[in-house]
Amino acid sequence: RRFMQNRKPFDLSTFTRCYNIFQIFTCAYFAYKFHVNGVKVIYAWKCMEGYIPDDSFKDYGWWCLMLRAVEFSETVTFILRKKHNQISFLHVYHHISTLAMVWLFHRMGASRMDLYVFAINCYIHVIMYTYYLMSSFPQLRKVTNFVKPFITLSQIMQFVTMLSNFYITYTTSCHISILFYLQVLNVATLLVLFSKFYLKSLSKE
């Protein structure tokens with residue numbers, strides 16, 4: 001903020017559009033890799049035993065970690081565009097906690113059940129960044145304004161689905177890693193924060 005105190009906001013529309021396109025295709029690719037390696041969204045209500053058999057898939061854990069690190073550039077663009085109101089506790093916590101969880105699972109190894117959270121998050125991110133890309137075009141503003149509440153709702157439903165998956169994992173004696181309970185706590189926290197954000201945005205309307 002101090003850097004931008006006496007400066008005009010930067011016009012980063014081209015950069016943000018390219019960034020959104022990058023996120024859409026990268027997240028779609030990761031979602032595909034999760035799917036072909038047995039981490040399927042349709043398996044939300046069943047136990048997916050075993051670790052990922054494809055050794056090459058371990059490399060994607062590192063790339064997934066790098067992708068989460070790249071997401072911190074969003075905070076930088078908010079600062080350069082003087083959109084300080086968007087640097088909320090929710091924004092900061094979401095990025096830091098997600099990066100930390102991906103790093104821990106990458107370091108300690110993850111089963112299919114552990115990776116379900118990241119798989120469904122990839123699908124949500126494809127939807128989310130598509131919305132961000134569309135909202136950068138003024139001629140699509142009517143459409144994006146109508147869709148906006150449903151984007152937050154999709155994120156909330158994502159966390160509800162994740163918690164349901166955790167419940168199935170726990171009650172069916174499915175394989176649980178040492179990070180399972182930390183993941184439950186993190187997702188529950190995100191559910192509360194996103195729900196508060198959604199209710200607050202509704203009250204403003």
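Let me begin with a term: a residue is called buried when its relative accessible area is under 20%, exposed when that area is over 50%, and partly exposed in between. With that cut-off in hand, R68, which has a relative accessible area of 2%, is buried, and I will come back to R68 in a moment. Please keep in mind throughout that what we are looking at is a predicted model.

First, the overall layout. The secondary structure of the chain comes to seven helices and zero strands, so that, by the way helices and strands are assigned from DSSP runs, the pattern read along the sequence is α-α-α-α-α-α-α. The chain has 205 residues, and 42% of them count as buried.

Now back to R68. The side chain of R68 meets the side chain of E71 in a salt bridge, with 2.8 Å from N to O. In general, side chains of opposite charge can pair when their charged atoms come close. What is the accessibility of the partner, E71? E71 has a relative accessibility of 3% and therefore counts as buried, and R68, as I said, is buried too, at 2%. A search of the whole structure finds one salt bridge.

From there, let us move to helix α3, which spans residues 73-80 and in which E74, T75, T77 and F78 are buried. Seen down the axis of α3, these buried residues fall within an arc of 160 degrees, so they line one face of the helix. Just after α3 comes K82, which takes a positive phi of about 60 degrees.

F78 brings me to the open space in the model. The largest pocket has a volume of about 1,800 Å³, and it is lined by 49 residues, of which F78, Q86, Y132, K148 and F197 are the closest to its centre. Two or more residues of this lining come from each of α1 (13-36), α3, α4, α5, α6 and α7. Which helix gives the most? That is α7, with nine residues. As for chemical character, the lining of the largest pocket divides into 18 nonpolar, 19 polar and 12 charged residues.

Next, the enclosed space. Rolling a probe the size of a water molecule over the atoms shows where empty space is left. How many cavities of 30 Å³ or more does the structure hold? It holds three, and about 100 Å³ of space lies in the largest cavity. The lining of the largest cavity is made by 13 residues, with T98, V117, M162, N186 and L190 nearest its centre. The elements that give two or more residues to this lining are α4 (89-108), α5 (112-135), α6 (141-171) and α7 (180-204). Here, too, α7 gives the most, this time with four residues. The residues lining the largest cavity divide into seven nonpolar, six polar and no charged, whereas the lining of the largest pocket includes 12 charged residues.

Let me turn to the cysteines. How many disulfides are there? The count comes to zero. Why is C27 not bonded to C122? The closest cysteine sulfur to that of C27 is the one in C122, at 5.3 Å, which is too far for a bond, since a disulfide calls for sulfur atoms within 2.5 Å. C27 itself counts as buried, because its relative accessibility is 1%, and C18, with a relative accessible area of 49%, is partly exposed.

I would like to close with three residues and their partners in space. Y129 is found in helix α5 and counts as buried, at 1% relative accessibility. Y129 and F22 are 107 residues apart along the chain, yet their C-alpha atoms are separated by 9.1 Å.

The second is T172, whose place is in the loop between α6 and α7. Is T172 buried or partly exposed? With a relative accessible area of 43%, T172 is partly exposed. Although T172 and K46 are 126 residues apart in sequence, the distance from C-alpha to C-alpha is 8.5 Å.

The third is V143, which lies in helix α6 and counts as partly exposed, at 41% relative accessibility. V143 and Y131 are 12 residues apart in sequence, and 9.6 Å apart in space from C-alpha to C-alpha.

Technical notes. Residues are numbered from 1 along each chain as its sequence is written. This is a predicted model: local features need pLDDT of at least 70, side-chain atom pairs count only at pLDDT 80 or more; totals for chains, interfaces and linings use all residues. Side-chain values use heavy atoms; hydrogens and water are left out. On a 1 Å grid over the protein atoms alone, a cavity is a set of points where a 1.4 Å probe fits but cannot get out, and a pocket is an open set with protein on both sides within 12 Å along at least five of seven lines; lining residues have an atom within 4 Å of a point. Grid points are joined across faces, edges and corners, and a volume is the space filled by probe spheres set on the points. Ala, Val, Leu, Ile, Met, Phe, Trp, Tyr, Cys and Pro count as nonpolar, Asp, Glu, Lys and Arg as charged, and the others, Gly among them, as polar. Buried means under 20% relative accessible area, exposed over 50%, partly exposed in between (1.4 Å probe, protein chains only). The arc is that of the directions from the helix axis to the C-beta atoms. A salt bridge is a side-chain nitrogen of Lys or Arg within 4 Å of a carboxyl oxygen of Asp or Glu.
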